[in-house]
Amino acid sequence: GEEDCNLVPKAVEKLASAAPPNTSVPPFEVQGAMTFLEQMRDVCPSVCAFELTGSDLVQKLDGDWRLHFSTFSTMFPYLPLVEIVRIDTESNTLSVINQFGPLGVTFTSSYTFSMTSCEFGFETVRFTLFGNTIWEKEIAERKMKWYNFFYTDDRLACVRSSTGALTLLFR
């Protein structure tokens with residue numbers, strides 16, 4: 001209930017303690033804190049980070065976010081590689097950039113935002129080596145995906161993806 005709203009800062013601090021490069025916070029604690037925040041979104045609408053929707057949320061998300069934790073893989077909840085989610089409000093694009101040493105793979109899509117949900121379908125894929133493009137191709141069949149942002153502040157963002165996974169992003 002409403003009294004649980006007092007626990008929101010504690011859950012946020014638990015997530016902040018898992019910021020890169022830290023991987024020592026037990027995954028079940030990170031997942032528990034994220035699940036709690038997702039449940040509290042509708043219970044505690046006065047919490048500032050829960051109030052952001054639509055264009056206000058998009059502006060807050062503009063820039064690079066490091067994907068550090070996801071429940072998509074139980075084997076590797078803390079991502080063993082650098083993966084960046086880039087939201088560019090100028091070009092209205094969302095990119096997912098994976099870096100494997102000198103090799104980079106970038107998937108890019110236009111997006112649409114509705115309240116707290118971002119819908120996208122990757123349109124291009126680009127491979128780089130030492131920052132130079134070595135191959136780029138349009139993706140013929142776009143598979144639509146979505147991210148539902150249920151908590152966002154200056155340090156971190158919590159997302160439920162179309163796969164059902166909980167994802168933790170850091171600035």
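1. Tryptophan W135 is partly exposed in this predicted model, with a relative accessibility of 42%. Its ring is paired with that of F127: the two centres are 5.5 Å apart and the planes meet at 55 degrees, so the pair is described as tilted. A pair counts as edge-to-face when its planes are over 60 degrees apart and as stacked when they are under 30 degrees apart, which is why an angle between these cut-offs gives the label tilted. The partner, F127, is also partly exposed, its relative accessible area being 26%.

2. The pair just described belongs to a wider set of ring contacts, since the structure holds eight aromatic pairs. Another of them joins Y111 and F113, with 5.9 Å from centre to centre and 90 degrees between the planes, an edge-to-face arrangement. Y111 is buried, at a relative accessible area of 7%. Both Y111 and F113 belong to one aromatic cluster, whose other members are F107, F120, F122, Y147 and F149.

3. Two residues deserve attention for their backbone angles. Most residues other than glycine have a negative phi. M115 is not a glycine, yet its phi is positive, at about 55 degrees. This methionine is found in the loop between strand 4 (103–114) and strand 5 (117–120), and M115 is exposed, with a relative accessible area of 54%. F130 likewise has a positive phi of about 55 degrees without being a glycine. The loop that holds F130 runs between strand 6 (124–129) and strand 7 (132–138). F130 is exposed as well, its relative accessible area being 66%.

4. A further backbone feature concerns a peptide bond. Most peptide bonds are trans. The bond that joins P20 and P21, however, is cis, with omega at about 5 degrees. P21 is placed in the loop between helix 1 and helix 2.

5. Which residues of helix 2 are buried? They are V30, A33, M34, F36, L37 and M40. These residues cover an arc of only 160 degrees around the axis, and they therefore lie on the same side of helix 2. F28 and Q39, on the other side of helix 2, are exposed. The length of the helix can also be checked: at 1.5 Å a residue, its 14 residues should span 20 Å, and the end C-alpha atoms are indeed 20 Å apart.

6. The structure holds one disulfide. It is formed by C5 and C44, whose sulfur atoms are 1.9 Å apart. C5 lies in the segment before helix 1 (8–16), while C44 lies in the loop between helix 2 (27–40) and helix 3 (48–51), so the bond ties together parts that are 39 residues apart in sequence. The torsion about the S-S bond is about -100 degrees, and the disulfide is therefore left-handed. Both C5 and C44 are buried.

7. Why do C118 and C158 not form a bond with each other? The reason is distance: the sulfur of C118 has its closest cysteine sulfur in C158, 16 Å away, which is too far for a bond. For C158, the closest cysteine sulfur is that of C44, at 14 Å, and this too is too far for a bond. A disulfide requires the two sulfur atoms to be within 2.5 Å. C118 is buried, with a relative accessibility of 1%, and C158 is buried at 0%.

How values were computed:
Residues numbered from 1 in each chain as written. Predicted model: local features only at pLDDT ≥ 70, side-chain atom pairs only at ≥ 80, totals over all residues. Heavy atoms only, no water. Helix = DSSP H or I, 4+ residues; strand = E, 2+ residues; numbered from the N terminus. Buried < 20%, exposed > 50% of the residue type's maximum accessible area, 1.4 Å probe, protein only. Expected span 1.5 Å × (residues − 1). Arc of directions from axis to C-beta. Phe/Tyr/Trp six-rings, centres within 6.5 Å; stacked < 30°, edge-to-face > 60°.
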